[in-house]
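Reader: Hi! Could you walk me through this one? I have a few quick questions.

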Amino acid sequence: MTATVPAPLLSFLKQSGVALTLADATSEDFPLLFVNDAFCKLTGYGPESVIGQNCRFLQPPEGAGPVRERIRAYLANDANTTERFLLSNRRKDGTPFVNVLYMTKIFHGKTCVFVLGSQFDAARIDGRNDTLYDSALKDDVRQLSVIAGDTGFLMYGSIEALATSTALIAQSRGANQ
């Protein structure tokens, strides 16, 4: 079964300035159903080359390392509805970037039907961009929660529970020293 994206949700995702993906949680391997223009600009991939694929195509040839298992555990556990990850990715042209990946699950009834992903290049962190990204993402999540509720979908987890990009990157840098 492939989940059908409600028109109001699709319209919202298209207009967002934050890099967003929507994956089908009802299909094996969570294939992408949608990527917006901001995602295409960030990664260099167009929708025609990524729709139907799992997002791991962004990983370098050597893989994403231990974070990959954390992502798999997150996807396998519907009780864990929102998470952020820091991982190494590659753009279409092969240039690497450190991706701050935010994921949240969207439910219809008690079934997780979509996984919303938001990507951010950690190299853009300079004291302004991280705050702008977090603010834009939180605003998008607020709007998306309203749209999802209006269409019979649910997003669990609170906006207040979202860790900031800055905290995630600082924590990672501290662990690597």
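Author: Happy to; we can start with the whole chain and then turn to one residue.

Reader: Great. How many helices and strands does the chain have?

Author: This is a predicted model, and its chain has six helices and six strands. Starting at the N terminus, their order is α-β-β-α-α-α-β-β-β-α-β-α.

Reader: And what share of the residues is buried?

Author: Of the 177 residues in the chain, 48% are buried. The chain exposes about 8900 Å², and carbon and sulfur atoms supply 54% of that area.

Reader: What about contacts between residues far along the sequence, say 24 or more positions apart?

Author: Such pairs account for 52% of the contacts in the chain that have a separation of 6 or more.

Reader: Nice. Switching topic: where does N54 lie?

Author: N54 is in the loop that links helix 3 (47-50) to helix 4 (67-76).

Reader: Is N54 buried or exposed there?

Author: N54 counts as buried because its relative accessible area is 17%, and the cut-off for buried is under 20%.

Reader: Cool, so which backbone atoms does the N54 side chain reach?

Author: There are two to mention here. One is the backbone oxygen of D29, at 2.7 Å from the side chain of N54. The other is the backbone nitrogen of R56, which that side chain reaches at 2.8 Å.

Reader: And which residues does N54 touch, leaving out those up to four places away in sequence?

Author: With those left out, N54 touches D29, F30 and P31. D29 is also the residue whose backbone oxygen the N54 side chain reaches.

Reader: Thanks, that helps!

Methods
Residues numbered from 1 in each chain as written. Predicted model: local features only at pLDDT ≥ 70, side-chain atom pairs only at ≥ 80, totals over all residues. Heavy atoms only, no water. Helix = DSSP H or I, 4+ residues; strand = E, 2+ residues; numbered from the N terminus. Buried < 20%, exposed > 50% of the residue type's maximum accessible area, 1.4 Å probe, protein only. Polar contact = N/O pair within 3.5 Å; in protein donor to acceptor, adjacent residues only side chain to side chain. Contact = heavy atoms within 4.5 Å. Areas by Shrake-Rupley, 256 points an atom, 1.4 Å probe, with all protein chains shown as cover.
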